[in-house]
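Work through the exercises below with the sequence and the coordinates at hand. Each task is followed by a solution in steps.

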Amino acid sequence: MGRILGLDFGSKTTGTALSDPLKTIASPFETIKRDKEGKLRPTLRRIVEIAVQNDVELIVLGEPLNMDDTRGERAEKSAEFKKMLEHRLEMDGLNIPVVLWDERLSTVGADEILEESGIVSSERKQYIDKIAAALILEDYMNNSSPSR
C-alpha cells in the first residue's frame, strides 16, 4: 500500500509531506532548498528519491490559485513544474501521477500553526514549507474522491 507525497512548490524552496500507508495522516517531511528559482534539477531529483524511498503512488502538488479562482503567475509556475516533474518521473521509469490541488491559504495556515506552537518568527522559515505541504496533502486526503 503506497503513500501520497504532498508538495508546496515555491520560488526557492519546496516543502514536502508524506501520508501514512493508510492515507489518513499527513506528516511534514522535509524542505528542499535551491539557490535560484530556475535551478530545478536537484529539486526534481530529490522528489524522485523521496518517492522511490517511500513507496509513493501519487503526488499532490499545491496550486496557488487567487482568491477569485483565477490563475496567477505562481499557479502557472506550479503547472510548469508539474509538467517537468511528470517528465522526470517518466524518464526514471516511474508511473506516479501528479495532481494539482488548490492550496489557497496553506502558508497562512502553516504560519498560524507555528505561531500557536510558540515558534518565534525568526525560526518559522525552516518549518513553514513542509507544514504547508502537509496541509495541502491533508486537504487532498479529506476532500478528494475515494478513488485516489
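The exercises concern a predicted model and deal with cores, aromatic pairs, polar contacts and salt bridges.

**Exercise 1. The largest nonpolar core**

Task: find how many residues the largest nonpolar core has, and which of them have the most contacts inside it.

Solution. Step 1: the largest nonpolar core has 19 residues. Step 2: the residues with the most contacts inside this core are L5, L7, I47, I59, F81 and L85. Step 3: assign the core to secondary structure. At least two of its residues come from each of β1 (3-9), α1 (41-53), β4 (56-63) and α2 (73-91). Step 4: α1 gives the largest share, namely five residues.

Step 5: take L7 as an example and leave out neighbours within four places in sequence. L7 then contacts T14, G15 and T16, the run I59, V60, L61 and G62, and also I47, F81, L85, A133 and I136. Step 6: look for a further core. There is a second, separate one of 12 residues, and L58, V60, W101 and Y140 are among them.

**Exercise 2. Aromatic pairs**

Task: state how many aromatic pairs the structure holds, and classify each by its geometry.

Solution. Step 1: the structure holds two aromatic pairs. Step 2: for F9 and F81 the ring centres are 4.1 Å apart and the planes lie at 10°. Planes under 30 degrees apart count as stacked, so the F9 and F81 pair is stacked. Step 3: place the partners. F9 is in strand β1 and F81 in helix α2, 72 residues apart, and the pair links distant parts of the chain. Step 4: F9 and F81 are both buried.

Step 5: the pair of W101 and Y140 has a centre-to-centre distance of 5.0 Å and 85° between the planes. An angle over 60 degrees counts as edge-to-face, and W101 with Y140 is an edge-to-face pair. Step 6: W101 belongs to strand β5 (residues 98-102) and Y140 to helix α4 (residues 121-143), so this pair ties together parts 39 residues apart in sequence. Step 7: W101 and Y140 are buried.

**Exercise 3. Two threonines**

Task: for T43, give the helix in which this residue lies and the partner of its side-chain polar contact; then treat T13 in the same manner.

Solution. Step 1: T43 lies in helix α1. Step 2: its relative accessible area is 0%. Buried means under 20%, so T43 is buried. Step 3: the T43 side chain makes a polar contact of 3.3 Å with the side chain of R34. Step 4: with residues up to four places away in sequence not counted, T43 touches T14, I32, R34 and F81.

Step 5: T13 is part of strand β2 (residues 13-19). Step 6: with a relative accessible area of 12%, T13 is buried. Step 7: the side chains of T13 and D129 are joined by a polar contact of 2.7 Å. Step 8: D129 also appears in the contact list of T13, which, not counting residues up to four places away in sequence, reads D8, T31, I32, K33, R34, K125 and D129.

**Exercise 4. Salt bridges**

Task: count the salt bridges, then describe those of E57, R46 and R88.

Solution. Step 1: the count comes to eight salt bridges. Step 2: E57 and K23 meet through their side chains in a salt bridge of 3.0 Å, N to O. The pair links distant parts of the chain, since E57 is in strand β4 and K23 in the loop between β2 and β3 (26-33), 34 residues apart. Step 3: compare exposure. E57 is partly exposed at 34% relative accessibility, whereas K23 is buried at 11%.

Step 4: R46 forms a salt bridge with E30, with the closest N and O atoms 2.8 Å apart. R46 lies in helix α1 and E30 in strand β3, 16 residues apart. E30 is partly exposed, at 21% relative accessibility.

Step 5: R88 and D92 form a salt bridge in which the closest N and O atoms are 3.0 Å apart. R88 is partly exposed, with a relative accessible area of 23%, and D92 is partly exposed, with 37%. Step 6: look for shared partners. E30, R46 and E49 are joined into one network by salt bridges that share partners.

Methods
Residues numbered from 1 in each chain as written. Predicted model: local features only at pLDDT ≥ 70, side-chain atom pairs only at ≥ 80, totals over all residues. Heavy atoms only, no water. Core = buried A, V, L, I, M, F, W, Y, C linked by side-chain atoms within 4.5 Å. Buried < 20%, exposed > 50% of the residue type's maximum accessible area, 1.4 Å probe, protein only. Helix = DSSP H or I, 4+ residues; strand = E, 2+ residues; numbered from the N terminus. Contact = heavy atoms within 4.5 Å. Polar contact = N/O pair within 3.5 Å; in protein donor to acceptor, adjacent residues only side chain to side chain. Phe/Tyr/Trp six-rings, centres within 6.5 Å; stacked < 30°, edge-to-face > 60°. Salt bridge = Lys/Arg side-chain N within 4 Å of Asp/Glu carboxyl O.
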